[in-house]
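Got your viewer open? Load the model and get ready to click through a few selections with me.

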Amino acid sequence: MGTILLATDGSEYARRAAREAIDLAEERDATLHVICVVDERRFDDPALSSAELATIYAEDHAVLSVDEVVGMAADRPVDVEGDTRHGVPDEIILECADEVDADTIVIGEHGDHEEHFSGVGRRVTDGTDRDVMIVEAHPKS
């Protein structure tokens, strides 16, 4: 029994990655860990009420993004655990991969992120010896 870590942000690209991660977890009889990171560079200790509202929205979005993946796997024989955290996405993804001893990290090629997830995926790939699966935004036919 292994462990798959899926990094999600709720985007259509992350949903495609979620489907791949669920399939992989089922195929390997692995636990699927889902992480959504609220980027502290955009949403950190707010000083203004509009910033507080943006942070609350980002936190709610992160929870919904994780819950969406849990729901996608509900009718599959896959154990799913979800978490949301604050931090720099690639750093938190790597920390979480270490914590859960992930065999594979799955990330969408792009995302709903100021900096495309491809940059996050590249830094995650560069920062680990674990297998990293970058799910293409538009799979080749």
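Here is a short tour, from the whole chain down to single side chains.

**Stop 1: the whole chain.** Before anything else, keep in mind that this is a predicted model. Show it as a cartoon and colour it from the N terminus on: the elements run β-α-β-α-β-α-β-α-β. That gives you four helices and five strands. How far apart in sequence are the residues that touch? Among contacts between residues at least 6 apart in sequence, 79% join residues at least 24 apart.

**Stop 2: the surface.** Switch on a surface. The protein chain exposes about 7,500 Å², and carbon and sulfur atoms supply 45% of that area. As for what's hidden, 44% of the 141 residues count as buried.

**Stop 3: the largest nonpolar core.** Now select Ile4, Leu6, Leu32, Val69 and Val106 and show their side chains. These are the residues with the most contacts inside the largest nonpolar core, which has 21 residues. Which elements give two or more residues to this core? Highlight strand E1 (3–7), helix H1 (12–28), strand E2 (31–39) and helix H2 (49–72). H1 supplies the largest share, six residues.

**Stop 4: Ile4 and its surroundings.** Stay in this core and centre on isoleucine 4. Setting aside neighbours within four places in sequence, Ile4 is in contact with Ala21, Leu24, Ala25 and Arg28, then with Ala30, Thr31, Leu32 and His33, and also with Thr104 and Val106.

**Stop 5: a second core.** Next, pick out Ile35, Cys96, Val100 and Val120. They are among the 15 residues of a second core, separate from the one you just left.

**Stop 6: His33.** One of the contacts of Ile4 deserves its own click. Histidine 33 lies in strand E2. Is that side chain buried or exposed? His33 counts as buried, because its relative accessibility is 14% and the cut-off for buried is under 20%. Leaving out neighbours within four places in sequence, His33 is in contact with Thr3, Ile4, Leu5, Leu6, Glu81 and Val100. Val100 should look familiar: you selected it in the second core.

**Stop 7: two cysteines.** Finally, select Cys36 and Cys96. Cysteine 36 is buried, with a relative accessible area of 4%, and cysteine 96 counts as buried too, at 5% relative accessibility. Cys96 is also one of the residues in the second core. How many disulfides are there to draw? The count comes to zero.

Terms used
Residues numbered from 1 in each chain as written. Predicted model: local features only at pLDDT ≥ 70, side-chain atom pairs only at ≥ 80, totals over all residues. Heavy atoms only, no water. Core = buried A, V, L, I, M, F, W, Y, C linked by side-chain atoms within 4.5 Å. Buried < 20%, exposed > 50% of the residue type's maximum accessible area, 1.4 Å probe, protein only. Contact = heavy atoms within 4.5 Å. Areas by Shrake-Rupley, 256 points an atom, 1.4 Å probe, with all protein chains shown as cover. Disulfide = S-S within 2.5 Å.
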